[in-house]
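This report covers aromatic contacts, nonpolar cores and one sheet.

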Amino acid sequence: MKYISAAAIAASASIAVAHTIFLQLEADSVTYPVSHAIRTPTYDGPINDVTSNDLACNGGPNPTTPSGEIIDIEAGSTVNAIWRHTLTSGPDDVMDASHVGPTLAYLKKVDDATSDPGYGSGWFKIQEDGFENGVWGTSTVINNEGIHPIQIPDCLPDGQYLLRAEMIALHAASSNLGAQLYMECAQINISGGSATKSPTTYSIPGIYKQDDPGILINIYSMTDTSEYVIPGPDIFSCST
């Protein structure tokens, strides 16, 4: 059976209620306030051009507000990026269910997390959830009230980082610039790491191409057993 063919009708509408924002971080059992240490936009729109500097931490068509806060995080712990449709939405309003695709997370070590622009080199991937047995990563987040778990590697050097959480909606991705990429950057300080590994890093923009098979794709031709190629580099692992 083809993957949710009825969703094609909803996808054609591309209505604003489908958009989403990473607006809160939960760390060490503390859920921080909306926009605390996160560069959140007032508008919940996507970035479509993967060559834009705005792919790093959002901005451009969705201007973001600077934050002076930094959240302390223990290396090896799992934090939760919390997604909502708008800055005032509740856990039952995360993103339209028809807007399916992968979830991803990246880190970038920086000197000052409050002022680093985000774009450019230094990024490495630490989480991804694509498509398995008919279930998309975004669907898991939506069904989990907007919670996107991200484990922080325990082998990293201590210091300030940008944590980039991302959801990619592929409902209209069969055409060029049709994929909708949603991302924000949280400002964190990692401590307790062993500093035994140095990840290979990449540039944002640069991690994706507009014609990557995970960016330019007709999801309505997929079945529950189809393979989906998650875009971007391999996940960094402390064990390799």
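Phe-131, Trp-136 and Tyr-228 are linked into a cluster by ring pairs (Phe, Tyr and Trp rings, the latter by its six-membered ring, pair with centres within 6.5 Å; planes under 30 degrees apart are stacked, over 60 edge-to-face, the rest tilted). The model is predicted, with pLDDT of at least 70 needed for local features and 80 or more for side-chain atom pairs, while totals for chains, interfaces and linings use all residues. Residues are numbered from 1 along each chain as its sequence is written, and side-chain values use heavy atoms, without hydrogens and water.

The whole structure holds four aromatic pairs, including these two:

| Pair | Centre distance | Plane angle | Class |
|---|---|---|---|
| Phe-124 and Phe-236 | 5.5 Å | 80° | edge-to-face |
| Trp-136 and Tyr-228 | 4.9 Å | 70° | edge-to-face |

Trp-136, in strand S8 (residues 135–136), and Tyr-228, in the segment after S12, are 92 residues apart; strands are DSSP E runs of at least two residues and helices H or I runs of at least four, numbered from the N terminus. Both Phe-124 and Phe-236 are buried, that is, under 20% relative accessible area (exposed is over 50%, partly exposed in between; 1.4 Å probe, protein chains only).

The largest nonpolar core (buried Ala, Val, Leu, Ile, Met, Phe, Trp, Tyr and Cys joined through side-chain atoms within 4.5 Å) has 33 residues, of which Leu-25, Trp-83, Leu-107, Leu-163 and Ile-188 touch the most other members. S10 gives the largest share of this core, five residues. Another core, of 30 residues, lies apart from it and includes Trp-123 and Tyr-220.

An open antiparallel sheet has four strands in the order S2-S1-S4-S9, where pairing requires at least two DSSP bridges.
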